Amino acid sequence: MHAATSTTLLLLLLGLALAAVPDAARKPAPAADGTASTTLGAKKLATASQCTGAVAFSGAGLKGGAAKDAPLALRTTLLDKGVGWKPADGEFVCYCPGTYQFAFAGDAAAKLVLKKKQAGGSAWTPIVAGPQHVVILDMELGEAVAVFLEGGSQHADASATPALTFSGFRIAKKQ
């Protein structure tokens with residue numbers, strides 16, 4: 001085997017080995033303020049001090065239309081405490097592990113589905129379905145939840161009193 005070929009093969013194998021390490025398993029990086037921060041891949045998620053207080057969000061009003069197989073984006077943020085709420089994407093990403101309560105409600109004719117995505121994953125797993133629900137879930141670092149429309153209709157909210165809402169808050173920190 002030529003030296004150039006064996007070097008290329010070695011670099012390829014090293015790259016594959018590094019890619020196999022899950023992002024969530026990477027070590028915390030020290031923050032500028034001296035507290036430990038959590039990282040998922042190259043993305044800084046939260047410092048330890050950001051996870052000591054409340055983690056809560058509430059959004060309302062469908063932004064635009066409902067795209068198939070995509071979380072429902074919300075046009076108004078009613079509350080955003082802590083880290084993780086992404087209203088433009090309609091997702092809550094867990095940066096502070098613990099037990100969370102999530103609630104959603106929409107048009108009576110809508111088949112809304114709360115789905116959860118594992119950290120580093122791309123597949124969404126259905127949790128509950130219907131026009132409204134309240135659930136309690138254990139959330140780990142990097143996991144996400146969002147509301148999807150899988151049947152019926154959910155009208156875009158143009159009024160001051162939107163029909164679609166999605167809220168969540170941490171009720172207990174992970175021990």
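**An open sheet and a cluster of rings**

In this predicted model, five strands come together as an open sheet, arranged in the order β6-β7-β12-β9-β10 with antiparallel pairing. The edges of the sheet are held by β6 (85-86) and β10 (124-130); each has a single partner strand, so one side of each is left without a neighbour in the sheet. At the β6 edge, two bridges join β6 to strand β7 (residues 91-93), and the two strands run antiparallel. Here Trp 85 finds its bridge partner in β7, namely Phe 92.

Aromatic contacts give a second view of the fold. A search of the whole structure returns 10 aromatic pairs. One of the pairs is formed by Phe 57 and Phe 166, whose rings meet edge-to-face, at 5.1 Å centre to centre and with 75 degrees between the planes. This contact links distant parts of the chain, as Phe 57 belongs to strand β4 (residues 56-62) and Phe 166 to strand β13 (residues 165-173), 109 residues apart. Phe 57 and Phe 166 are both buried. The rings of Tyr 100 and Phe 102 offer another geometry: their centres lie 5.8 Å apart and their planes are at 10 degrees, so the pair is stacked. Tyr 100 has 0% relative accessibility and therefore counts as buried; Phe 102, also at 0%, counts as buried too.

These residues can be drawn into one picture, since ring pairs link Phe 57, Trp 85, Phe 92, Tyr 100, Phe 102 and Phe 166 into a cluster. The bridge partners Trp 85 and Phe 92 are thus among the members of this cluster.

A contact of another kind involves Lys 115, whose charged end sits over the ring of Phe 148, 4.5 Å from the ring's centre.

Methods:
Residues are numbered from 1 along each chain as its sequence is written. This is a predicted model: local features need pLDDT of at least 70, side-chain atom pairs count only at pLDDT 80 or more; totals for chains, interfaces and linings use all residues. Side-chain values use heavy atoms; hydrogens and water are left out. Two strands pair if DSSP finds at least two bridges between them. Helices (H or I, at least four residues) and strands (E, at least two) are DSSP runs, numbered from the N terminus. Rings of Phe, Tyr and Trp (its six-membered ring) pair if their centres lie within 6.5 Å; planes under 30 degrees apart count as stacked, over 60 as edge-to-face and the rest as tilted. Buried means under 20% relative accessible area, exposed over 50%, partly exposed in between (1.4 Å probe, protein chains only). A charge sits over a ring if NZ of Lys or CZ of Arg is within 6 Å of the ring centre and within 35 degrees of the ring normal.
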